[in-house]
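Work through the exercises below with the structure in view. Each task is followed by a solution in steps.

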Amino acid sequence: MSQDEILDCLVIGGGAAGLTAAVYLGRYRRRALVLDAGGSRLAKIPRTRNVPGFPEGIEGPELLRRMQEHARIYGVPTTHTEVRRIEKLEDGSFRAESDRGQWRARFVLLATGARDVEPEIDGLHEAMQAGQVRFCPVCDGFETQGQRVAVLGRAGHGLHESLFISGFGNEVTWLAMATQEEVDPRELARLRDAGVRLADSPPHRIDCGVDCGVRVALQDGQVLEFDTLYPALGLHHACDLATRLGARSCPDGQLEVDVHQQTTVDGLYAAGDVAMDLNQISVAAGHAAIASTAIHNRL
Ligand SMILES: Cc1cc2nc3c(=O)[nH]c(=O)nc-3n(C[C@H](O)[C@H](O)[C@H](O)COP(=O)(O)OP(=O)(O)OC[C@H]3O[C@@H](n4cnc5c(N)ncnc54)[C@H](O)[C@@H]3O)c2cc1C
């Protein structure tokens with residue numbers, strides 16, 4: 001595909017949302033291209049068990065490979081590169097730039113996802129593969145039934161995640177990182193009613209191992225043991241390309257979109273984790289279907 005050509009749609013990000021959009025745009029016989037930096041959260045999933053059509057679950061990297069193949073079949077290629085800048089031109093079209101070149105398109109679909117804030121734990125990747133460290137209770141809280149679970153996070157996010165996880169028939173401890181003073185006493189009472197324990201001394205060191213599970217040494221000298229740890233330290237939504245164009249974002253960094261997934265910038269759409277909504281594969285695919293159909297109808 002020549003860089004002089006004006007594309008119908010440039011899809012930035014080749015994860016769950018971007019690749020679903022590529023399938024739709026390819027099947028609408030549109031000229032589209034995916035530009036992807038290669039950091040999809042799908043690649044971090046040991047096995048997802050809530051994606052429709054996979055009752056036995058599927059490993060994240062295998063799902064990603066199948067989605068890439070699906071987009072390729074319908075003629076939408078992927079170029080591996082990180083987009084540094086998008087600008088809107090006078091005629092309403094867009095120009096995107098990376099180290100590998102420039103591309104022009106009538107519409108842009110931003111599907112750049114989000115990145116989890118990760119705790120400092122040696123062997124984090126192995127611990128995630130073993131299910132000792134998990135990042136998404138919506139995705140895999142079900143798998144923690146009967147387990148001792150720790151939630152590491154400050155007041156607000158950490159507390160709400162502790163309450164959410166306590167609904168799965170497990171034993172939850174909130175590692176509050178010394179932020180419990182900031183919490184409304186009514187919220188602390190809700191936590192107690194839900195059976196969540198509170199570790200008020202901040203964690204000093206966290207170790208994971210195949211034999212020992214998750215071991216948390218607190219600053220006051222106590223050592224606690226768990227089967228699973230959920231870091232609840234937040235997410236960085238990759239919205240900068242859009243906000244630099246003037247798109248509005250919510251306080252947590254997700255982009256505001258309308259019912260067709262259009263951001264507050266005309267012609268710029270957003271789908272998946274970067275857009276307002278629940279961070280899930282099915283949601284990303286749904287956003288992408290809506291956005292690519294809206295784009296198709298405007299071409
Ligand atoms: C450990 C873990 C387990 C999970 N388990 C599940 C589960 O079981 N079920 C479920 O539904 N969800 C699960 N999720 C969430 C799921 O992975 C995400 O919701 C989904 O991948 C979002 O798709 P996306 O396309 O928005 O983002 P991603 O799939 O993350 O893709 C975004 C892509 O955009 C690229 N990108 C970013 N910036 C640029 C740029 N400037 N230029 C070019 N490319 C760029 C990135 O490199 C990346 O490849 C899990 C997530 C994690 C981390």
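**Exercise 1.** Find which ligand atom the side chain of Asn50 approaches, and at what distance.

Solution. A polar contact here is a pair of N or O atoms within 3.5 Å. A polar side-chain atom of Asn50 lies 2.8 Å from a nitrogen atom of the ligand. The ligand taken alone exposes 1000 Å², of which the protein buries 94%; accessible areas come from the Shrake-Rupley method with a 1.4 Å probe, and for residues only the protein chains shown count as cover. The model is predicted, so local features need pLDDT of at least 70 and side-chain atom pairs pLDDT 80 or more, while totals for chains, interfaces and linings use all residues. Residues are numbered from 1 along each chain as its sequence is written, and side-chain values use heavy atoms, without hydrogens and water.

**Exercise 2.** Identify the backbone partners of ligand oxygen atoms at Asp273 and Ile281.

Solution. A polar backbone atom of Asp273 is 2.8 Å from an oxygen atom of the ligand. For Ile281, a polar backbone atom is likewise 2.8 Å from a ligand oxygen atom.

**Exercise 3.** Describe the shell around the ligand.

Solution. The shell has 34 residues, with Ala17, Asp36, Gly39, Ser40 and Asn50 the closest; a residue is near if one of its heavy atoms lies within 4 Å. Helix H1 (16-27), strand S2 (32-36) and helix H8 (281-298) each supply at least two of the shell residues; helices (H or I, at least four residues) and strands (E, at least two) are DSSP runs, numbered from the N terminus.

Note on methods:
A polar contact is a pair of N or O atoms within 3.5 Å; within protein, one must be able to donate a hydrogen and the other to accept it, and residues adjacent in sequence count only if both atoms are side-chain atoms.
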